[in-house]
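This report describes the cysteines and the pocket of one protein structure for a reader who has not met it before.

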Amino acid sequence: MRNSGLLKVAVCLLAAAVMMTNFLSCSTRDPKFQQYMAEGEQLYATHCSNCHQKNGEGLRLVYPPLASSDYMEKNFSRVICGMKYGLDGEVVVNGNAYNQLMPGVLSLTELEIAEIATYIYNSWGHQRGIIESRSVPALLDSCVRPGPRR
């Protein structure tokens, strides 16, 4: 009796894994996803890679990595806000503290933010799927904007 319960749990977990794999593979073939990824990569190269590097690994202990970043996974809205308005103060990424001012790019549109987010959240070990531009305004409305640095 106990083994049949474990078997049911194992079958359910396997089914969930297959469904998630199918979902991710379908979304990565979606033309809109591909467009967001391509545009996001270009925008990332222009606005972000100087500090976070092309490979997303950051610059030693000066600028934090995006690659395999636990901070990105735990702070999605703060990452989105940081693109537009910047970040000030200490952040801890993968156990390392960083305290450099990250300037925002006020000229970024909601679509461009969604494209950059789609790129960084689907590169270097992340698999979040497309970040729709329609989700960005609400995130930006909730931002706490950094004050002047002393």
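## Cysteines and the largest pocket

C81 and C143 are both buried, where buried means under 20% relative accessible area, exposed over 50% and partly exposed in between (1.4 Å probe, protein chains only). The model is predicted: local features need pLDDT of at least 70 and side-chain atom pairs count only at pLDDT 80 or more, while totals for chains, interfaces and linings use all residues. Residues are numbered from 1 along each chain as its sequence is written, and side-chain values use heavy atoms, with hydrogens and water left out.

The structure holds 1 disulfide, a pair of cysteine sulfur atoms within 2.5 Å. C81 and C143 form this disulfide, with their sulfur atoms 2.0 Å apart. C81 lies in helix α5 (residues 76–85) and C143 in the segment after α7 (136–141), so the bond ties together parts that are 62 residues apart in sequence. Helices here are DSSP runs (H or I, at least four residues), numbered from the N terminus, as are strands (E, at least two). The torsion about the S-S bond is about -90 degrees, so the disulfide is left-handed.

Two further cysteines have sulfurs too far apart for a bond.

| Cysteine | Closest cysteine sulfur | Relative accessible area |
|---|---|---|
| C48 | 8.9 Å, in C51 | 17%, buried |
| C51 | 8.9 Å, in C48 | 25%, partly exposed |

The largest share of the lining of the largest pocket, 4 residues, comes from α5. A pocket is an open set of points on a 1 Å grid over the protein atoms alone, where a 1.4 Å probe fits, with protein on both sides within 12 Å along at least five of seven lines; lining residues have an atom within 4 Å of a point.
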